[in-house]
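Please open the model in your viewer and keep the selection tool at hand. The stops below say what to select next and what is to be found there.

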Amino acid sequence: MRHRTQPRGEAVTITIADDDALAREGLKSLLHADERFAIVGEGADRVELLQLVRTTRPDIVMVDADLLAAAGLGLIRDVREISPDTKLLLMGIRADPEAIIESLQAGVSGYIEKSSSLDVLADACLQVAEGVQPVLPQMATDLLWYMLEHQGEARRGRQQTSLTRRQQEVLYYMAQGMCNKEIAAILKVSETTVKSHVTGILRKLGVSDRTQAVVKALRDGLVTSDWDNHTAMG
C-alpha cells in the first residue's frame, strides 16, 4: 500500500484499488500526467483500500471489478460510511451488465473499461467528481436499459410517483446520460430550470444523486427507453 498525503492544488484526488500492480502503475502514470488529478493512494485489497480511504479521503476511488467481486458489494458501503463524499468508479476489462447494475444499486457512480483512452478516462473521472451523471460506455448503457427495464416490467403500472410530467421527462433524459445543459436545449428551458427539476426528482425519489435516481427510475419502471410511448404515472 502506498499513499501520498499532499495532493496538488485543487486537483481531483484519486485512490486506485486493483490487485494487479501493473494495472495500478499504468493508471497512475496516465492520470499523474494530467494536472487536474492527483493520485493519493493505491491498494491491492479491501484492507488496504479502506485504510487509504480513512487516511486520504479521496474524491474518487477507482476500483477494479474483480477486486470488488472478491471483496463483495459491502466494500462500497464501507467506503461510503468512512468517507461519504468519496465517489466510486468501477473499472473492468469488459462490461458485465448484471455486475454493473448491482454496483450502481450499491452506490458506485459508473463503470469504465480499462482499455479506455486517457481522454475517456479523464472525462469519466471529472464526471464522477462532479456527480453530473452515471458514467457508462455506450454498450453498457444499452444493455443496462434492456435489463433494468425488464426488471421494472413487473412493477410498471403499479408504481406510484409524485413526479410531475415535466420531472418524468427530465428524468428520462437523465437516464439517457444527458447533462443539464443538453436537457435544457432539448426542452428549450434554462439550465437553472432543469437543475430545479433535478433537485425535485432527487427529493421525491429519496436518493442523493443522479446515478441513484436513474437506477431507481429504470428499476421501478418510472421511465422507459421510448419517451414518445411513455405516459405520466400516478
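Which residue's side chain meets that of E81 in a salt bridge? Select R77 together with E81: in this predicted model, their side chains meet in a salt bridge at 4.0 Å, N to O. Colour helix α4 (residues 74–82) as well, where both residues lie, 4 residues apart, about one turn of the helix. E81 is exposed, with a relative accessible area of 57%, whereas R77, at 46% relative accessibility, counts as partly exposed.

Next, keep the charged side chains on display, since a search of the whole structure finds 10 salt bridges. Select E42 and K28, whose side chains meet in a salt bridge at 2.8 Å, N to O. E42 lies in strand β3 (residues 37–43) and K28 in helix α1 (residues 21–32), so the pair ties together parts that are 14 residues apart in sequence. With a relative accessible area of 6%, E42 is buried, while K28 counts as partly exposed at 21% relative accessibility. Add R24 and E25 to the selection, and you have the residues R24, E25, K28 and E42, which are linked in a network of salt bridges.

From there, move to D34 and R36, another pair whose side chains meet in a salt bridge, here at 2.7 Å, N to O. D34 counts as buried, at 13% relative accessibility, and R36 as partly exposed, at 40%.

Now select T15, which is found in strand β2 (residues 12–17). Is T15 buried or exposed? At 0% relative accessibility, T15 counts as buried. Show its surroundings, leaving out residues up to four places away in sequence, and you will find that T15 touches V40, G41, E42, L49, L52, T56, P58, I60, V61 and M62; E42, one of these contacts, is also the partner of K28 in the salt bridge described above.

For the next stop, turn to the nonpolar interior. Which residues have the most contacts inside the largest nonpolar core? Select V170, L171, M174 and I201, which hold that place in a core of 21 residues. The elements that give two or more residues to this core are α8 (165–175), α9 (180–187), α10 (191–205) and α11 (210–219), and the largest share, 6 residues, comes from α8. Centre the view on I201, which, leaving aside its neighbours within four places in sequence, is in contact with L163, Q167, V170, L171, M174 and A213. A second, separate core of 20 residues can then be picked up through A17, V61, L67 and V108, which are included in it. V61 is also among the residues that T15 touches.

The last stop is the second largest pocket, which has a volume of about 350 Å³. Select A65, D66, A69, D96 and A99, which are the closest to its centre of the 19 residues that line this pocket. To bring in more of the wall, colour α3 (65–71), β5 (87–92) and α5 (97–106), the elements that give two or more residues to the lining. Colouring the lining by class should show 10 nonpolar, 3 polar and 6 charged residues.

Conventions:
Residues numbered from 1 in each chain as written. Predicted model: local features only at pLDDT ≥ 70, side-chain atom pairs only at ≥ 80, totals over all residues. Heavy atoms only, no water. 1 Å grid on protein atoms, 1.4 Å probe; cavity = no way out; pocket = protein on both sides within 12 Å on 5 of 7 lines; lining within 4 Å. Points joined across faces, edges and corners; volume = space filled by probe spheres on them. Nonpolar A, V, L, I, M, F, W, Y, C, P; charged D, E, K, R; others polar. Buried < 20%, exposed > 50% of the residue type's maximum accessible area, 1.4 Å probe, protein only. Contact = heavy atoms within 4.5 Å. Core = buried A, V, L, I, M, F, W, Y, C linked by side-chain atoms within 4.5 Å.
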